[in-house]
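Colleague: I should like to learn how to read the charged pairs, helices and sheets of a protein model. Could we take them in turn?

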Amino acid sequence: MQKKKITMVIAGLGGRGHDIYGNYAMEHPDEVEIVAIADPRKERLEVAQKEWNIPAHLCFSTAEELFAMPQMAQAAVIATQDRQHVAHAEAALKAGYHLLLEKPVAIDTKGCLEVLRMAREYKRHVVVCHVLRYTPFYNTIKQFIEAGRIGEVVTIQAMEQVGYWHHAHSYVRGNWRRADQSSPMILAKCCHDMDILLWLAGKRARWVSSYGSNYLFREAHAPEGSAERCFDCAVRETCPYDAVRYYLEGERTSVKAGRVHWPINVLSPNPTSETIEHALRTGPYGRCVYHCDNDVVDHQVVNMQLEDGVTVNFTMSAFTERCYRTIKVMGTHGCIEGNMDDSHLVWNDFFGHREEIDLKVTDGSMAGHGGGDAVMMKQFAELLASGRDDEMLSSIEHSIESHMVALLAEESRLQNGCSLPVNL
């Protein structure tokens with residue numbers, strides 16, 4: 001029997017809209033077909049149209065135009081900017097689509113609850129892209145917990161190491177640099193973490209407190225001799241945040257090394273040495289990190305007390321050499337800890353037993369987020385193809401609490417760490 005595939009439209013062709021959902025459809029044409037796209041940036045629209053063979057009349061300059069058309073697919077991906085999610089989710093739901101909705105669902109509690117209400121009203125699947133729930137790494141931890149191999153969970157300690165270069169790219173120079181234009185860092189970046197920690201614990205949050213600030217990336221810390229742009233800077237050779245070295249000259253991500261995926265393709269949909277140099281000389285990604293208009297934090301801690309007195313401590317920091325997550329879950333009979341980037345876990349119990357688990361992720365271009373992207377897409381396609389009413393791991397129903405906690409954490413931070421109740 002031939003496998004049934006689903007049809008999909010994509011609103012927003014930024015990094016994930018193009019590199020994750022588009023790539024999955026190209027690599028799994030028996031599961032997903034993209035039939036229409038929308039993005040206000042003409043160049044990105046043209047690149048996607050050519051790559052995915054989308055007819056010109058099904059390429060729209062705005063999500064509003066796309067969703068004003070009669071429904072043309074089963075599902076819609078909402079990968080637009082944070083502050084557009086609620087309006088675009090509403091338009092897509094009214095048009096009849098099931099949704100794959102990029103996080104955050106909304107920038108405030110009101111918006112989150114409104115999307116939840118609409119999902120129920122229109123009786124549609126709304127799956128939030130909390131892809132960590134789908135990774136072998138966190139699923140293995142969950143299995144150890146549910147099997148009782150560490151006893152009852154009492155304490156969880158976790159850290160998201162954002163990476164100095166990733167923070168500079170997305171949260172100093174990029175789209176998420178200002179909370180008033182996107183959303184707070186703890187929501188934009190770390191609602192992933194709030195979600196996975198609550199899911200692993202299997203308990204509701206009761207109290208939240210948080211501290212953090214923008215420690216480094218401000219004008220007061222600009223080195224003597226620095227300029228507004230890296231190309232004009234006299235001291236860029238001694239600066240770890242030099243955009244010229246990172247985007248043009250670095251072996252890891254430069255176009256000269258043949259790397260044209262994220263984050264290079266954020267600067268230009270057709271990355272070449274010439275287009276990237278032009279972007280660095282004229283666009284936001286060539287600015288000095290000490291002379292930008294950013295205001296989001298570069299480090300933050302969140303403490304949670306859950307039901308039954310279980311405690312969770314989470315730290316986010318920009319000041320790490322690479323991007324990865326670490327975690328340690330401590331229980332009454334043992335503990336399990338690991339590094340997601342290495343896909344490595346270590347379990348110890350209090351009787352002297354130990355086990356090391358290596359989890360290899362090899363799904364090509366979809367190996368991002370520890371393999372969670374590919375698993376989420378596959379399960380979403382299978383759910384819609386089957387016509388079942390099952391809920392996915394990251395349905396809107398399951399994902400809302402993480403947003404509430406992140407928003408309360410930001411409120412606490414702004415109140416100098418005041419402990420706030422979580423009223424759900």
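Modeller: Let us begin with one pair: the side chains of Arg41 and Asp39 form a salt bridge, with 2.9 Å from N to O. Please bear in mind that this is a predicted model.

Colleague: Are Arg41 and Asp39 buried or exposed?

Modeller: The two partners need to be read separately. Asp39 is buried, because its relative accessible area is 2% and the cut-off for buried is under 20%. Arg41, at 37% relative accessibility, counts as partly exposed.

Colleague: How many salt bridges are there by this rule?

Modeller: The count comes to 30 salt bridges. One of them joins Arg117 to Glu121, whose closest N and O atoms lie 2.5 Å apart.

Colleague: How are Arg117 and Glu121 placed in helix H5?

Modeller: Helix H5 covers residues 109-122, and the two residues are 4 residues apart in it, so about one helical turn separates Arg117 from Glu121. Arg117 is partly exposed at 39% relative accessibility, and Glu121 is partly exposed at 43%.

Colleague: Which helix holds Glu277 and Arg281?

Modeller: Both lie in helix H12, residues 273-282, where they are 4 residues apart, about one turn of the helix. Glu277 forms a salt bridge with Arg281, and the closest N and O atoms are 3.0 Å apart. Glu277 has a relative accessible area of 31% and is partly exposed; Arg281, at 42%, is also counted as partly exposed.

Colleague: Let us turn to the faces of a helix. Which residues of helix H2 are buried?

Modeller: In helix H2, residues 42-52, the buried residues are Arg44, Leu45, Val47, Ala48 and Trp52. Viewed down the axis of H2, these buried residues fall within an arc of 165 degrees, so they line one face of the helix. Lys42 and Lys50 are exposed on the other side of H2. After H2 comes Asn53, which has a positive phi, near 60 degrees.

Colleague: How should I read a sheet, and what is the order of its strands here?

Modeller: One reads the strand order, then the pairing, then the edges. The order in this open sheet of 9 strands is E14-E13-E12-E11-E7-E10-E9-E8-E15, and the pairing is mixed. Its edge strands are E14 (354-358) and E15 (420-421), each of which pairs on one side only. Strand E8, residues 205-213, runs antiparallel to E15 and is joined to it by 2 bridges. Trp207 stands opposite Pro421 in E15.

Colleague: Which helices lie across these strands?

Modeller: Helix H6, residues 136-146, lies across E7, E11, E12, E13 and E14, and runs at about 0 degrees to E11. Helix H9, residues 191-201, lies across E7, E8, E9, E10 and E11, running at about 25 degrees to E9.

Colleague: May we end with a charged residue in the sheet? In which strand does Glu160 lie?

Modeller: Glu160 lies in strand E7. Glu160 is buried, with a relative accessible area of 2%. Its side chain makes a polar contact with the side chain of Lys189 at 2.3 Å.

Colleague: Which residues are linked with Glu160 in a network of salt bridges?

Modeller: The network links Glu160, Lys189, Asp193 and Arg325. Leaving aside residues up to four places away in sequence, Glu160 touches several others, including Cys190, Phe314, Thr315, Met316 and Tyr324.

How values were computed
Residues numbered from 1 in each chain as written. Predicted model: local features only at pLDDT ≥ 70, side-chain atom pairs only at ≥ 80, totals over all residues. Heavy atoms only, no water. Salt bridge = Lys/Arg side-chain N within 4 Å of Asp/Glu carboxyl O. Buried < 20%, exposed > 50% of the residue type's maximum accessible area, 1.4 Å probe, protein only. Arc of directions from axis to C-beta. Pairing = 2+ DSSP bridges. Contact = heavy atoms within 4.5 Å. Axes fitted to C-alpha atoms, helices over the stretch in contact; angles between N-to-C directions. Polar contact = N/O pair within 3.5 Å; in protein donor to acceptor, adjacent residues only side chain to side chain.
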